[in-house]
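Subject: Structure handover and notes

Dear colleague,

I am passing on the structure we spoke about, together with notes on what turned up when it was examined. Please keep it open beside you as you read.

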Amino acid sequence: MPHLVVRKPGQMAYSMPLPDVLRIGRHEQNELILDDNQVSRQHATITRFERGFEVRDLGSRHGTRVNGEPVTTRVVEAGDRIQIGNVLLELHEEDERTIVHHQVTAAGPPPREAGADRRLSLLFDVSRAIGAMGDTEVMLGEMLSAIVDVLGGERALVGLGDASRGLVRRFCRARRGSSPDVVLSRAVLEATLGRREAVIVRDAQRDARLETMHRERILSAMAVPLGLSARPVGLLYVDDRQAAERFGPDDLAYLTALGHLVSAALESAERYQAAEARAEALAGVTDEILGKSEVMTRLRAQITKYAAAGHVSVLVRGESGSGKELVARALHEASPRAARPFVPLNCAAIPETMLESELFGHEKGAFTGAVAKKRGKFALADGGTLFLDEIGDLALPAQAKLLRALQEGEIQPLGAERTQKVDVRVLCATHKDLRHEIAEKRFREDLYYRLAVVEIEVPPLREREKDVLLIAMALSRRSASTMGKRIEGFTEAAQAALLGHDWPGNVRELRNEVERAVIHADGPLVDAHDLSPRLGAARPRPGQPRGKSLAESFAELEPTEKNLVEEAMSRAKGNVSEAARLLGITRIMMKRRVDRLMGGAGKDED
Ligand SMILES: Nc1ncnc2c1ncn2[C@@H]1O[C@H](COP(=O)(O)OP(=O)(O)OP(=O)(O)O)[C@@H](O)[C@H]1O
């Protein structure tokens with residue numbers, strides 16, 4: 001069958017069967033559309049006649065050449081090269097080669113033949129499946145079945161792998177009644193995975209080199225490499241054991257287009273899975289931070305957001321024991337620096353004279369007592385995160401040095417002659433109001449802006465009452481398991497005591513309290529008497545300001561009570577029993593209140 005190999009510069013060469021009349025040009029009505037600015041809309045024709053083919057130029061602007069010569073009409077035969085614009089057309093009488101290799105590029109020819117609708121619908125289904133970002137395995141399975149159906153092959157396969165490892169995963173579908181156990185030919189693997197070429201085997205039995213195909217009795221096959229970037233990720237393959245010449249160059253072009261879609265799908269699935277794994281890892285990090293209250297949910301979201309910006313300084317504010325360090329650790333662990341060290345330093349716990357050496361390190365003999373060289377926290381945290389707790393307690397001279405280190409991105413150990421570059425993310429925490437400290441000239445404003453690029457506020461436990469029992473429950477289970485005990489929960493009295501306390505020491509105090517209670521508990525439930533006596537006090541009423549005695553608060557209820565009693569008496573037109581009914585209390589209780597609050601103004605109907 002005579003056919004034409006079409007070679008466009010920088011694109012995949014392909015071949016097409018020659019019809020009786022082939023119109024060539026830029027216009028869509030042509031059988032061979034060449035999108036090339038040197039090609040006229042109706043450029044030339046190739047027409048079959050008895051003894052061969054004739055090329056005719058249709059008055060094109062840039063002309064038609066055969067074997068380099070400009071022509072108006074010319075009889076052409078196998079081996080002739082027709083130049084139209086920048087495109088070279090080669091005429092072949094028979095398919096001399098059984099294997100046609102093609103360079104793979106993004107473009108392929110439009111399939112123009114019967115069955116185009118089914119092909120289009122397969123393309124549509126595949127692209128839709130990819131858009132849906134569903135299960136990749138299901139998508140591949142469906143696509144392979146459709147390839148078998150649409151291209152008329154026997155078996156279709158997606159193999160994942162590369163030239164060095166071979167195929168590490170396979171997905172295969174076969175026509176009904178055929179086995180999907182495909183043994184791939186080495187020639188196919190070398191072409192697709194090794195050289196990244198598409199390959200078509202038109203009649204394997206005519207090529208003695210294709211040993212595996214002979215053995216497996218495969219007659220026709222096609223394969224295209226998968227992978228959009230330079231990295232090959234596998235191949236898409238289809239074969240047939242019943243017929244030679246099952247596939248033509250158009251089929252190969254079509255398979256190439258499908259291969260591009262599958263490659264895109266595989267690459268986005270890979271990115272999607274990596275993103276999911278990262279999100280899961282992040283969730284694991286913030287899971288450590290217990291609490292389901294709205295503020296804690298917001299806090300976890302902030303951590304995830306700020307962690308991603310792996311260089312931004314964060315100031316964590318909150319009362320002592322509220323979880324500031326826990327937040328800082330989560331910020332580190334969820335950040336791209338997670339594999340590098342997290343180095344904490346409590347600025348309040350280090351004597352002022354030692355602070356500089358703690359932060360920046362010192363050389364041997366830098367000062368009295370410096371008997372050996374020491375690396376500072378900055379150097380230890382290189383590539384990772386330095387957590388400066390109680391930053392509000394840092395003395396002014398140390399603040400100046402810290403600012404310089406942050407500005408320059410380098411440190412100078414005490415006694416060292418040279419500075420050294422460090423890549424450190426600094427996270428800070430404080431229970432102090434740094435703006436107040438700035439106003440009092442105890443904290444440098446420029447350092448504050450450097451450290452507090454973003455701020456996270458950890459709320460005190462008393463403001464997230466919802467979390468108290470939840471955290472107590474989780475921590476009690478944790479403590480119990482380390483002590484080899486079983487704790488199922490807290491009695492109602494114990495719960496009331498936990499909720500009644502206002503936790504000035506925050507979660508740290510709650511953790512200590514729970515540990516203590518678990519030690520004391522005899523059964524599976526922690527009771528009120530297992531808790532420390534200071535938690536035994538009755539629960540303050542909601543909204544009761546902290547620090548007031550119960551008696552004081554109770555006294556504050558009197559005006560409200562008086563208003564309600566007067567209102568009820570007025571509506572009941574002075575009838576005590578009726579007023580009592582309105583307030584839902586007994587007549588005697590009402591009478592007492594009327595006497596006390598209204599000076600016995602009510603009518604007594606008795
Ligand atoms: N939301 C929480 N979930 C679970 N444990 C918590 C939570 N908040 C704090 N903790 C625990 O409470 C203890 C104190 O927390 P952390 O040291 O982070 O507080 P802090 O605010 O940094 O305290 P300080 O200011 O005194 O250094 C730690 O054991 C920590 O694990």
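The notes below go from the overall make-up to the ligand, the cores, the strands and a few single residues.

Please bear in mind throughout that this is a predicted model. The protein has 606 residues, of which 35% count as buried, and its secondary structure comprises 19 helices and 28 strands. Among the contacts with a separation of 6 or more, 63% are made by residues 24 or more positions apart.

**The ligand**

The ligand is surrounded by 18 residues, and those that come nearest are Leu290, Gly323, Lys324, Glu325 and Val507. By character, the shell divides into six nonpolar, seven polar and five charged residues. Helix H7 (324–333) and helix H15 (506–520) each contribute at least two residues to this shell. Because domain 3 (290–457) and domain 4 (463–535) both give residues to the shell, the ligand lies between these two domains.

**The nonpolar cores**

In soluble globular proteins, nonpolar side chains tend to be buried together. Here the largest nonpolar core holds 50 residues, and the members that touch the most other members are Ile147, Val188, Ala221, Met222, Ala223, Leu236 and Tyr237. Both helices and strands build this core: among the elements that supply at least two residues each are helix H1 (116–132), helix H2 (136–151), helix H3 (186–194) and helix H5 (249–287), as well as strand S13 (155–162), strand S16 (220–226) and strand S17 (234–240). Tyrosine 237 is a useful residue to look at in the viewer, since leaving aside its neighbours within four places in sequence, tyrosine 237 is in contact with Ala156, Leu157, Gly159, Leu184, Val188, Ala221 and Ala223. Apart from this core lies another, of 38 residues, which includes Val285, Val327, Phe378 and Phe387.

**The strands towards the N terminus**

Strands of a sheet pair through backbone hydrogen bonds, either parallel or antiparallel. An open sheet of five strands, in the order S4-S3-S5-S6-S9, has mixed pairing. Strand S4 (32–33) and strand S9 (73–76) stand at its edges with a single partner strand each, so one side of each is left without a neighbour in the sheet. Going through the sheet, S3 and S4 pair in the parallel sense over two bridges, with glycine 25 opposite isoleucine 33 in S4. Strand S3 (residues 21–25) and strand S5 (residues 44–49) are instead antiparallel and share four bridges, and leucine 22 has isoleucine 46 in S5 as its bridge partner. Strand S6 (residues 52–57) and S9 also pair in the antiparallel sense, over four bridges, and arginine 56 stands opposite threonine 73 in S9.

Strand S10 (residues 81–84) has alternating side chains, in that Ile82 and Ile84 point to one face and are buried, whereas Arg81 and Gln83 point to the other face and are not. S10 runs antiparallel to S7, to which three bridges join it, and isoleucine 82 in S10 is the bridge partner of valine 66. S10 is also joined by four bridges to strand S11 (residues 87–92), again antiparallel, and here isoleucine 84 is matched with valine 87 in S11. The hairpin of S10 and S11 has two residues between the strands, and in it glycine 85 takes a positive phi near 60°.

**Three single residues**

Two residues other than glycine have a positive phi and may be worth a look: asparagine 67, with a value near 50°, and arginine 217, with a value near 55°. Asparagine 67 sits in the loop between strand S7 (64–66) and strand S8 (69–71), and counts as exposed because 12 C-beta neighbours lie inside 10 Å. Arginine 217 is in the loop between helix H4 (211–215) and S16, and is likewise exposed, with 10 other C-beta atoms within 10 Å.

Is glutamate 190 buried or partly exposed? Glutamate 190, which is found in helix H3, counts as partly exposed because 13 C-beta neighbours lie inside 10 Å. Glutamate 190 is 27 residues from alanine 163 in sequence, with 7.3 Å between the two in space, C-alpha to C-alpha.

Best wishes

Terms used: Residues are numbered from 1 along each chain as its sequence is written. This is a predicted model: local features need pLDDT of at least 70, side-chain atom pairs count only at pLDDT 80 or more; totals for chains, interfaces and linings use all residues. A residue is near a molecule or strand if its C-beta atom, placed from the backbone, lies within 6 Å of it. Ala, Val, Leu, Ile, Met, Phe, Trp, Tyr, Cys and Pro count as nonpolar, Asp, Glu, Lys and Arg as charged, and the others, Gly among them, as polar. Domain bounds come from an automatic or database domain assignment. A residue is buried if 20 or more other C-beta atoms lie within 10 Å of its own, exposed if 12 or fewer, and partly exposed in between; C-beta atoms are placed from the backbone. Two residues are in contact if their C-beta atoms, placed from the backbone, lie within 7 Å. A nonpolar core is a set of buried Ala, Val, Leu, Ile, Met, Phe, Trp, Tyr and Cys residues joined through C-beta atoms within 7 Å. Two strands pair if DSSP finds at least two bridges between them.
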